[in-house]
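Here are some notes to read alongside the structure. Have it open in a viewer as you go through them.

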Amino acid sequence: MSDTELRERLAARFREVNGDHPMSAADDAYVSAQFAGLDAVCAGRGGGAAARRLMLEGRLPLPGYLRSDGTEMVPRDLFCLADAAGGVDGLEAWFTGHWADPAEGRAEWAAYLSGRYVCLRSVSPATIRRKEHLTAAIAAAADGPGAGPGPWAERLHALIDELDRLEPAFCAYDRLRFGGPTSRDLFVDAMRARLPRP
């Protein structure tokens, strides 16, 4: 299969997962600042065509974004987890092994392969699990007993600050593909507006 065909198939797969939404100039600028083109990231690693094949085979995650010019944008550390696993062949077992529940591990693996973990500055089993813990803890604390100034507010804002450090800003395109507000919108920005720091 030619590289042109691989690019076309990967773009089609990306749209199956994310829908066909327009990228604005502001979206392109955000993505270009936060991510890198697939071919640049793959220099010295067999090239972009090899990575596109692995993505289509479900062995590496799909791109996080397709810029409006069609460039596949991926995290600069795209191969970090594969390297930690000893290579792409061991990545799935290494990744899913971070969850005690095999079903949960498989579900997180599928989410990872979708390329939609653009909600984290650095994607790893540890950061995925930490984000889940933080969003649940923020939601519970915000509506739990003891709400008010003092230690409760300090604990809540410590959780929000930690999530803030894990998550990037997102762009308007993300709200289209996710069908509404992002986790940052809900658990960082909205919480800070609703419950200002004392």
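The numbered points below go through the sheet, the empty spaces, the aromatic rings and a few single residues.

1. First, a reminder about what we're looking at: this is a predicted model. Please keep that in mind when reading the distances, angles and accessibilities below.

2. Let's start with the sheet. It's an open one of three strands, ordered β1-β3-β2, and the pairing is antiparallel. On the edges sit β1 (36–37) and β2 (65–66), each of which pairs on one side only. As general background, strands of a sheet pair through backbone hydrogen bonds, parallel or antiparallel. Between β2 and β3 (residues 72–74) there are two bridges, with the strands running antiparallel. If you want one bridge to click on, take Tyr65, whose partner in β3 is Met73.

3. Next, the pocket. The largest one has a volume of about 170 Å³. Which residues line the largest pocket? Going along the chain, they are Gln34, Phe35, Pro75, Arg76, Asp77, Tyr117, Val118, Leu120, Arg121, Ser122, Val123 and Pro168. Sorted by class, that lining comes to seven nonpolar, two polar and three charged residues.

4. Asp77 is one of those pocket-lining residues, and I'd give it a separate look. You'll find Asp77 in the loop between β3 and α5 (80–84). Is Asp77 buried or exposed? Neither, quite: its relative accessibility is 32%, so Asp77 counts as partly exposed, falling between the 20% limit for buried and the 50% limit for exposed. For a sense of scale, Asp77 and Asp3 are 74 residues apart in sequence, and their C-alpha atoms are 22 Å apart in space.

5. There's an enclosed space too. The structure holds one cavity of 30 Å³ or more. Fifteen residues line the largest cavity, and the closest to its centre are Pro61, Pro75, Leu78, Tyr112 and Val123. The volume of the largest cavity is about 170 Å³. By class, its lining has 12 nonpolar residues, two polar and one charged. Pro75 and Val123 also turn up in the lining of the largest pocket, so it helps to display both spaces together.

6. Now the rings. Searching the whole structure gives six aromatic pairs. Take Phe95 and Trp99: their ring centres are 5.3 Å apart and their planes meet at 35°, so I'd call the pair tilted. Why tilted rather than stacked or edge-to-face? Because stacked needs planes under 30 degrees apart and edge-to-face needs over 60, and 35° fits neither. Both partners are buried, with a relative accessible area of 0% for Phe95 and 7% for Trp99.

7. Trp109 and Tyr112 make another tilted pair, at 5.7 Å centre to centre and 40° between the planes. Both lie in helix α7 (residues 102–113), three residues apart, which is about one turn of the helix. Trp109 counts as buried at 7% relative accessibility, and Tyr112 is buried as well, at 5%. Tyr112 is also among the residues closest to the centre of the largest cavity. Ring pairs link Phe95, Trp99, Trp109 and Tyr112 into a cluster, so show the four side chains together when you check these contacts.

8. One backbone angle deserves a look. Phe170 has a phi near 70°, which is positive although the residue isn't glycine. In general, most residues other than glycine have a negative phi. Where does Phe170 sit? It's in the loop between α9 (151–166) and α10 (172–177). With a relative accessibility of 7%, Phe170 counts as buried, because the limit is 20%.

9. Two helix residues to finish. Asn18 belongs to helix α1 (residues 3–18) and is buried, at a relative accessible area of 3%. Leaving out residues up to four places away in sequence, Asn18 touches Arg116, Tyr173 and Arg177. Ala141, in helix α8 (residues 125–143), is partly exposed at 21%. With the same sequence neighbours left out, Ala141 touches Trp152 and Leu156. The C-alpha atoms of Ala141 and Leu159 are separated by 9.4 Å, and the two residues are 18 apart along the chain.

Note on methods. Residues are numbered from 1 along each chain as its sequence is written. This is a predicted model: local features need pLDDT of at least 70, side-chain atom pairs count only at pLDDT 80 or more; totals for chains, interfaces and linings use all residues. Side-chain values use heavy atoms; hydrogens and water are left out. Helices (H or I, at least four residues) and strands (E, at least two) are DSSP runs, numbered from the N terminus. Buried means under 20% relative accessible area, exposed over 50%, partly exposed in between (1.4 Å probe, protein chains only). Contact means heavy atoms within 4.5 Å. Two strands pair if DSSP finds at least two bridges between them. On a 1 Å grid over the protein atoms alone, a cavity is a set of points where a 1.4 Å probe fits but cannot get out, and a pocket is an open set with protein on both sides within 12 Å along at least five of seven lines; lining residues have an atom within 4 Å of a point. Grid points are joined across faces, edges and corners, and a volume is the space filled by probe spheres set on the points. Ala, Val, Leu, Ile, Met, Phe, Trp, Tyr, Cys and Pro count as nonpolar, Asp, Glu, Lys and Arg as charged, and the others, Gly among them, as polar. Rings of Phe, Tyr and Trp (its six-membered ring) pair if their centres lie within 6.5 Å; planes under 30 degrees apart count as stacked, over 60 as edge-to-face and the rest as tilted.
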